[in-house]
Amino acid sequence: MSIWQTLRSHASDVRERRILDLFNDSRAEKFSASFGPFLFDYSKTNIDTSTRHLLVQLAEQSGLAEKRNAMFSGEKINDTEGRAVLHTALRRLENDVEVDGENIMGEVRETYDRMVRFADDVRSGKFHGHGGRITDVVNIGIGGSDLGPAMACLALAPYHDGPRCHFVSNVDGAHIHDTLKDLDPETTLVIVASKTFTTIETMTNAETAKAWMAKDIEDPAEQFVALSTSAEKTAAFGISPERVFGFADWVGGRYSMWGPIGLSLMIAIGPKHFRDFLAGAAAMDQHFCEAGFEENLPVLLALVGMWHNQFCDFATRAVLPYDQRLSRLPAYLQQLEMESNGKRVSMDGEVLPYHSGPVVWGEPGTNGQHAFYQLIHQGTRIVPCEFMIAEKGHEPDLAHQHILLAANCLAQSEALMRGRSMDEARKLMEAKGFEGEELERQAAHRVFPGSRPSTTLIYPMLTPEVFGGIVALYEHRVFVEGVILGINSFDQWGVELGKELALALQPVLTGEADGAGKDGSTLRLAQMIRDAQD
Ligand code: F6P
């Protein structure tokens, strides 16, 4: 029997047991792992020692250790694009790594030093706009060129002492309009962040920003910066090479905020805190490379996730940070996880005999509690939940609010596991004076099935190091899952078809093409939009 079959039959054997019944004096300790500032508790799941043993075997049989080493040493593991995968090199600046026999780190370090100088100059006012010191930075990018720095600027708000940062991603003109409307072009720096410098949303917004600035400034490109792999295209846009921060094709878009794509963050929090953020991620890299699988946080996160998704058949996973400053983390993880592991074929092009990665979604607590937790507690589908909480907040005067936040976080995982039986619900309703049939009816609405799995990641405080560690933890988790599924986590062919069709539809919407060959629904909708433009 293959390990997949063994795990499937193990899952069906243990399906009915109650998580709470697994608890004894040592379970919380035995089913958690810690590294540095983190403790990952997965004791509130249906996993026991034999489940974990089988899951670790699954990881071992997938060749995870060799594939991990291949990634870190610069082998071209993204083989549908013929590229190495070396975002980890951006945060381990002192290590040397070779790609195609050449040490890539000289250039990485040089670009990093230029970023530091530029960020310092913007922060000090040495680099200024036509109207003086830069007050606002607008990062124009989308996907990996937006979600990472946008999330990070919010996450590290307590360290933000540079100019205000804004993020424009959507091609919807409302986004750039609403962002620029209160800004002064003379003191605004525009960062055009695009690995390819061809992404239609980003290039359209960049042209709009340039035109906005050109109304007040003779040479708007002087207040533009480019972050891209294409020196040719940034030059064609008119941005001078000293304000272009390049990177290589071995940095995937959704893994790119550790390098030039993180420039807005570096300007916001300063190079020192940015370096701490890199150091936190580098420490997680080292842990991932050195710890045994049973103590390895990224491996455990991946295995617990796969247990739920592949073997228990739970199709989605909720990410629930009880940390308002991580409010963009679920959106960031949607790209990281779903663009990486939402694949239908294996490395060799065969259709997968199992599911791809799960649907990932979420919102910070306690907001989500007043929105979708109803379904998580009483809906008919089970949603494994991933809670996150800092031991302490950044606001000493508001420590009482942190206690309230933390109580809610712990209460939710407890409620999911414990549930409330019909007997308990009956007693509750009896105490309220209900009886007979009405008691039965009312009690049924108050039953919680319980035994719903969750994990909790706890850390001392959301500092730059801790935040860097959290993001690296998730990156490696995605890698582990991709290796076990046998897929390429580093390409994204699934986004191409929609882009091609959008290009073809533009002339239909403007009336320059008749849309021959299009279906009736698309044509009718296009016609309505076309008519509204007149
Ligand atoms: O459309 C998907 C994608 O290619 C992402 O992978 C990427 O992060 C995003 O578009 C933006 O790409 P770029 O940085 O080249 O503008």
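These are my notebook entries on one protein chain, taken from a predicted model.

**Entry 1: overall form**

I began with the whole chain and asked how its radius of gyration sits beside that of a compact globule. For 534 residues a compact globule would have a radius of gyration near 24 Å, and the protein chain has 25 Å, which agrees. I then looked up the extent of the C-alpha trace, which spans about 80 × 60 × 60 Å along its principal axes. The secondary structure comes to 20 helices and 15 strands.

For the surface, I noted that the chain exposes about 24,000 Å², with carbon and sulfur atoms supplying 52% of it, while 51% of the 534 residues count as buried. I also looked at how contacts are spread along the sequence: among those between residues at least 6 apart, 75% join residues at least 24 apart.

**Entry 2: nonpolar cores**

Next I turned to the interior, where the largest nonpolar core has 119 residues, and where Leu189, Trp250 and Phe467 are the residues with the most contacts inside that core. Helix H18, residues 464-485, gives the largest share of this core, with 13 residues. The core draws at least three residues from each of two domains, namely domain 1 (3-74 + 276-418 + 452-491) and domain 2 (104-269). Apart from this core lies another, of 20 residues, which includes Ile140, Val168, Met213 and Ala226.

I picked out Trp250 and asked which residues it is in contact with, leaving aside its neighbours within four places in sequence. I found Ala84, Val85, Leu86, His87, Ala89, Leu90, Val99, Ile104 and Val108.

**Entry 3: salt bridges**

I counted charged pairs next, and the structure holds 26 salt bridges. Side chains of opposite charge can pair when their charged atoms come close.

The pair I looked up to begin with was Asp182 and Lys181, whose closest N and O atoms are 3.6 Å apart; both Asp182 and Lys181 are exposed.

I then went to Arg325, which forms a salt bridge with Glu395, the closest N and O atoms being 2.7 Å apart. Arg325 lies in the loop between strand S12 (316-322) and helix H13 (329-341), and Glu395 lies in the loop between strand S14 (385-390) and helix H15 (399-418), so this pair ties together parts that are 70 residues apart in sequence. Arg325 counts as partly exposed because its relative accessibility is 24%, and Glu395 likewise counts as partly exposed, at 32%.

A further salt bridge joins the side chains of Glu440 and Arg426, at 2.8 Å from N to O. Because Glu440 lies in helix H17 (residues 436-445) and Arg426 in helix H16 (residues 422-431), the pair ties together parts that are 14 residues apart in sequence. Glu440 is partly exposed, with a relative accessible area of 33%, and Arg426 is partly exposed at 24% relative accessibility. I also noted one network, in which salt bridges that share partners join Arg317, Glu337, Glu386, Arg477 and Glu481.

**Entry 4: a loop residue**

Last I looked up Thr187, which is found in the loop between helix H7 (173-180) and strand S9 (188-193). Is Thr187 buried or exposed? Its relative accessibility is 9%, so Thr187 counts as buried, the cut-off for that being under 20%. Not counting residues up to four places away in sequence, Thr187 touches Gly131, Gly132, Arg133, Ile134, Thr135, Asp136 and Gln223.

Terms used: Residues are numbered from 1 along each chain as its sequence is written. Side-chain values use heavy atoms; hydrogens and water are left out. A nonpolar core is a set of buried Ala, Val, Leu, Ile, Met, Phe, Trp, Tyr and Cys residues joined through side-chain atoms within 4.5 Å. Buried means under 20% relative accessible area, exposed over 50%, partly exposed in between (1.4 Å probe, protein chains only). Helices (H or I, at least four residues) and strands (E, at least two) are DSSP runs, numbered from the N terminus. Domain bounds come from an automatic or database domain assignment. Contact means heavy atoms within 4.5 Å. The radius of gyration is taken over C-alpha atoms; the globule rule is 2.2 Å times the number of residues to the power 0.38. Accessible areas come from the Shrake-Rupley method with a 1.4 Å probe; for residues, only the protein chains shown count as cover. A salt bridge is a side-chain nitrogen of Lys or Arg within 4 Å of a carboxyl oxygen of Asp or Glu.
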